[in-house]
Amino acid sequence: MNGSFQAIQISPSVYWVGAIDWALRQFHGYETRRGSTYNAYLVKGDDGYILIDTVKKGFEDELLARIATVCPPDQVRAIISNHAEMDHSGGLPRVLAAIAPDAPVYASPMGVKALAAHFGDAVRALPAKGTLTLLGRTFRVVETRMMHWPDSMWTYDEADRILFTNDAFGMHLAGQARWADEVPADIIEDESARYFANILTIYAPIIAKCCAGYPALGLDPAAICPDHGPCWRGDGIARILSQYAAWSNPERSRKKAVLIYDTMWHSTETMARAIADGIAGTGLPCDVLPLSGTPRSEVARALLDASALIVGTPTLNQGMYPTVADVLCYLKGLKFPIELGAVFGSHGWAPLGTKAAKEALAPMCKTTLDPLDLCYVPTPEGLARCREYGESIAKRIL
Ligand code: FEO
């Protein structure tokens, strides 16, 4: 075993034994600029240990090395798999073989099917519902469908009052700190919001119901331990719970616009600057994001707090600019509750870029304005129209 990895005790009977992926920069289309962690937890029972989740394939050695600093791996008698996505289950076959191939694996009923579909006979999981007693320890399992997949569940350790939530309340943030209160607050706020925006926005209506039903679960966690990034304790627990309630509520105040654009010969960029200036004159905050240098996940992060999306595209080959099409495809899937959409751009002989962008944007928005099109290079009169366009967008939001 690699002696450089240590387990970290987080409660009397629970140890963090996960892996840190410092190099991760893409997570299915989401730019993870600060890397990530794949958290796994070892819980001490009467005669052995229970492992909660595993790690992404390729990180098994790190997980097994951390386990070995607590107990011989064959003392791990059971595994609870809260989620079948491969960043948590990819290492499961190898870890299972390393501890004891016949150790039981528990998952939600949907998780049993998902693990079978991923690993066949290598992982034959048993369904967990309600209360699970393992090695003298009592766990409550709570199905949390679509947080993040249909198989997702939480596991609550009654004795140490630890709630293991898998993807929920996590963030892509590599680091040695195991508690959110040990990391600068601005990083925690930004990365947890970025994670919600890019991973969970599509399921916001389901998450809102889960948040509303949370008090009735009767849980009283001393810590919430997700599978990505640091854990929550103290005031952090109430804070992240209330943030999830807010982010999943489409009615919350979101008085901000996001303006994204790309440009061929700087004409659409010139329009973007004039529109942004018109918005600024009204006092409405507006994030201006040139897509030549902005990842799609940054746009999603900005949109979490906004109610207007303004899209600038030149016409290229009778359609949208490729970067604009890419971002609109990504945002369409996430289903942000956008109140107002607007489109602008420069064209040569036919404004087909803005036409295509409006067609893509309109299904995402309650209202979509007619495009503002200018031919070739904006004139002073054209830029005055851009400014007015920005002002009219802002006034609708304000
Ligand atoms: Fe972190 Fe849905 O996996």
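These questions and answers cover cysteines, the largest cavity and two pockets in a predicted model.

Residues are numbered from 1 along each chain as its sequence is written, and side-chain values use heavy atoms, without hydrogens and water. In this predicted model, local features need pLDDT of at least 70 and side-chain atom pairs count only at pLDDT 80 or more, while totals for chains, interfaces and linings use all residues.

Colleague: How many disulfides are there?

Modeller: A disulfide is a covalent bond between the sulfur atoms of two cysteines. Here the term means a pair of cysteine sulfur atoms within 2.5 Å. By that rule the count is zero.

Colleague: Why is Cys386 in no disulfide?

Modeller: Burial is set by relative accessible area: buried is under 20%, exposed over 50%, partly exposed in between (1.4 Å probe, protein chains only). Cys386 is buried, at 0%. Its closest cysteine sulfur is in Cys286, and Cys386 forms no bond because that sulfur is too far away, at 13 Å.

Colleague: Which elements each supply at least two residues of the lining of the largest cavity?

Modeller: On a 1 Å grid over the protein atoms alone, a cavity is a set of points where a 1.4 Å probe fits but cannot get out, and lining residues have an atom within 4 Å of a point. The lining is Ala180, Asp181, Cys231, Trp232, Arg233, Gly236 and Arg239. Helices (H or I, at least four residues) and strands (E, at least two) are DSSP runs, numbered from the N terminus. The elements are strand E17 (232–233) and helix H7 (235–247).

Colleague: How many charged residues are in the lining of the largest pocket?

Modeller: A pocket is an open set of points with protein on both sides within 12 Å along at least five of seven lines. The lining has 19 residues, with Met264, Thr315, His347, Gly348 and Trp349 nearest the centre. Asp, Glu, Lys and Arg count as charged; Ala, Val, Leu, Ile, Met, Phe, Trp, Tyr, Cys and Pro as nonpolar; the others, Gly among them, as polar. The split is nine nonpolar, 10 polar and, for charged residues, none.

Colleague: From which domains does the lining of the second largest pocket draw at least three residues each?

Modeller: Of its 15 lining residues, Thr201, Ala204, Pro250, Lys335 and Pro337 are closest to the centre. By class, the lining has nine nonpolar, three polar and three charged residues. Domain bounds come from an automatic or database domain assignment. The domains are domain 1 (8–247) and domain 2 (258–393).
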